[in-house]
Structure formats: structure tokens, C-alpha cells
Amino acid sequence: MKGALDDFKVMLTRNEPITGLAKVVAFLVIFALGVVAGLWVSAGVRLSQESIVPRSIGFQGSGGGICCRPDMDPEFEEFVAPTRLMHDMTDEELFWRATLVPAAARYPFERVPKVAFMFLAGHGVLPLAPLWERFFRGGHEDRFSIYVHAPPSVAINVSEDSPFYGRQIPSQKTKWGDVTLVDAEKRLLANALLDFSNERFVLLSESCISVHNFTTVYDYLVGSRHSFVESYYRNDRGCRNRYSRSMAPDITLRQWRKGSQWLELSRDLATSVLTDTRYYPLFRRHCRPSCYPDEHYVQTYVTLRHGARNSNRTVTRVEWRAGKSHPVTYGERDATPELVRSIRTSTEPCAYNSRPTSTCYLFARKFASDALEPLLSMSSTVMHY
């Protein structure tokens, strides 16, 4: 580059006559070479700066994918793991937003799989919150999320240092035995799906307790290859007679299923439930109060669409009495170490990841508010939290 410029300089300084056309050509050539030289110098400066000042790039996370920058943007952090649960989205907008699946296989942030604990508090109270607060504490904050669906305009009364504080989601009224209970379940799933780290989703009531400590529950759910939705068919009044022939041919009597409302889903099955536009409308139209959609919709849907991914059992133990429409309620005198131990270790084994185990239940219900004190007194020695 420098040699070419010198040659033209010599030519122009010679005492030989130069025509006007030659001068114009020489000027244009020198101008073009000057532009090229300027761009070359500028590029060299940028390259030297980039070699001296390192750029802030992603680093490998524990899962092997590209992870977050150390100075993650607060807005991005709020997007991937919302801390402000209240919003103005309609259910339709919420479900659409919650079911968006990233096209990239890797997450651009440190992702530790979390369990979403979803509480359906029909009366707007959490009488067993002190027991659950003990369960959640102990350095597990990065491995769980809490979501509470309470009646509209009802605020859960907990202290600011409680894991339940600020964890209510926008809600609507529910009615026992009505499809609105399924709507509430879907609302909980959708809000929990907004957190991209939530991997497992367990539905609980305000009368549920955990019969194991957090580490046991977390490892059990995150390590499972199956979801936990009880699903069965019985030729009796409580199952067969709830079916409506108006659901055929999409749902036949042979495909009709019943099971416990208290279920647990993996992230992909939770997303699938929210994207269902074929079966849910049938339940909304034809599964009337005597049908109890909360005991049939997810149970039938999962069996139809994801049967191989389901363990076909629940991880929440409930005791029913023959001919009764409500489960047994355990009060202060019933909440004994013997009762809890009998739930922790099942006499009849179940399957976990296709292998037999005596740890079949992680949770239990239905415990009354006056059972709180005896439960707290035994939690460290019996439940180990």
C-alpha cells in the first residue's frame, strides 16, 4: 500500500509534462487508495481493541448449556422467572403466553430445575402454612416456586418473611364439583409455566401436608420419568354414570377415566393440558356438576394423549369412606406419628421409574386446622423437617 502511494508521488513531482486527463486519473487513483488505507487502519484499530478488551460472553452452566452473563439484565431475569405474579392478562392471553416453547434447546441462563407447589385454597386461608414454611426453609430457595389460587379479593394472611408472601395469582371464583375448579388448576399451571425453571408441577390443597422433607420430595419428583395422575375406569355409579354420550366420538365410554384431583405433572404434560382445544370444550359443555370435571378431565386427557408418560397413581394420599362424597378429615387427635408413618411407608408397594418402592406418597390430606400443633411437634422427628 505504501509503495503504491510513493510511486504516484514520484510521478507527480517529475518535471515531465502531464496532461490534464492524466492529472485527473492520478488524483482519482490517489483518492481511492487513501480511502482503502483509511478503512484498513480503522479495521486494524478495532481488531487490536477486541484483542485487548474481552467481551462479556456466556459460560457453560451446570447442565452443559450456555449460561447467563454474570451481569444478567434485571428485565430478562424477571422475564425468565417472574417475581411479580399479579397481572392483567385474561385466561386466554395467559394460557397462550404460558405455552410458548423456546425454539432453542439450550437456556441462556443458569437453570436449576424447580418444583412448582400450586395451592388451591378454596376458602382463601392456609391454616397449615407454619408447617409448610418449615418444610420450605433450609437453603432450598432456588429449587421451588409457590403459587396460591384463592378467591378474588381475598389476601392470604402471612408475614413478609413467609415463602407464601406475594405468591398469590390472579384468580376467579370456583365452585365445588364445577368446571371452574379445572379452570383454577389450569390458571395455576399457566402462571407456574411462566417461570422457565419450573420443571415439575404439583397440585395441593390448603389441607395438605408433606410427609417427607424437601430434599426427598424434590429428588423424587425431578428424578421421575413419569407424571403422577391417578386414572382408572369402574363400572359403577361414581364413574360410569358420570359419562355423557354427547362427548362421543371424541371421548367414548371406554376412554372415560376418573381419578384423584390432586395430581403432579412434568413441564411438557402441563403445557399439553393448556394447549388442549379438543377435549376440554367437551367437558365444559357436557360435564355438569354431577359429573365433577376435576376428577375426570385431566385424568381422561392424560390417558388419551400421554398414557405411557403417566404412572397412573397419585402422590397425595386421601382416605375415603365407602358411600361418602368427602374424604376423611384428620383432626388434632388423629394427627399422630403412627398415622404419618403409615403414609410415609406403604404396606403395598407401588412403581417408581418402573421399579417397586414403598415410598408411594409424598403428601397427604385432609388435615384440619387444629391438627397443626401435633404436626409441628412431630415434624422434625417423623417427617424430618
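I looked up the disulfides first, and in this predicted model I found 2 of them. Numbering the bonded cysteines of the protein chain in sequence order, I wrote the pairing down as 1-2, 3-4.

I then turned to C287 and C291, which form a disulfide with their sulfur atoms 1.8 Å apart. The torsion about the S-S bond of C287 and C291 is about -80°, so I noted this disulfide as left-handed. I also checked how accessible each partner is: C287 counts as buried because its relative accessibility is 4%, and C291 counts as buried because its relative accessibility is 3%.

My next entry concerns C350 and C360, which are joined by a disulfide with an S to S distance of 2.2 Å. Here the torsion about the S-S bond of C350 and C360 is about -115°, so this disulfide is left-handed. The pair links distant parts of the chain, 10 residues apart, with C350 in strand 7 (residues 350-352) and C360 in the loop between strand 8 (355-357) and strand 9 (363-365). C350 has a relative accessibility of 14% and therefore counts as buried, while C360, at 4%, counts as buried too.

Lastly I looked at C239 and asked myself why its sulfur makes no bond with the closest cysteine sulfur. The closest cysteine sulfur is in C291, at 9.9 Å from that of C239, which is too far for a bond, because a disulfide needs sulfur atoms within 2.5 Å. C239 is buried, with a relative accessible area of 1%. I added C208 to the page as well, since at 0% relative accessibility C208 counts as buried.

Methods. Residues numbered from 1 in each chain as written. Predicted model: local features only at pLDDT ≥ 70, side-chain atom pairs only at ≥ 80, totals over all residues. Heavy atoms only, no water. Buried < 20%, exposed > 50% of the residue type's maximum accessible area, 1.4 Å probe, protein only. Helix = DSSP H or I, 4+ residues; strand = E, 2+ residues; numbered from the N terminus.
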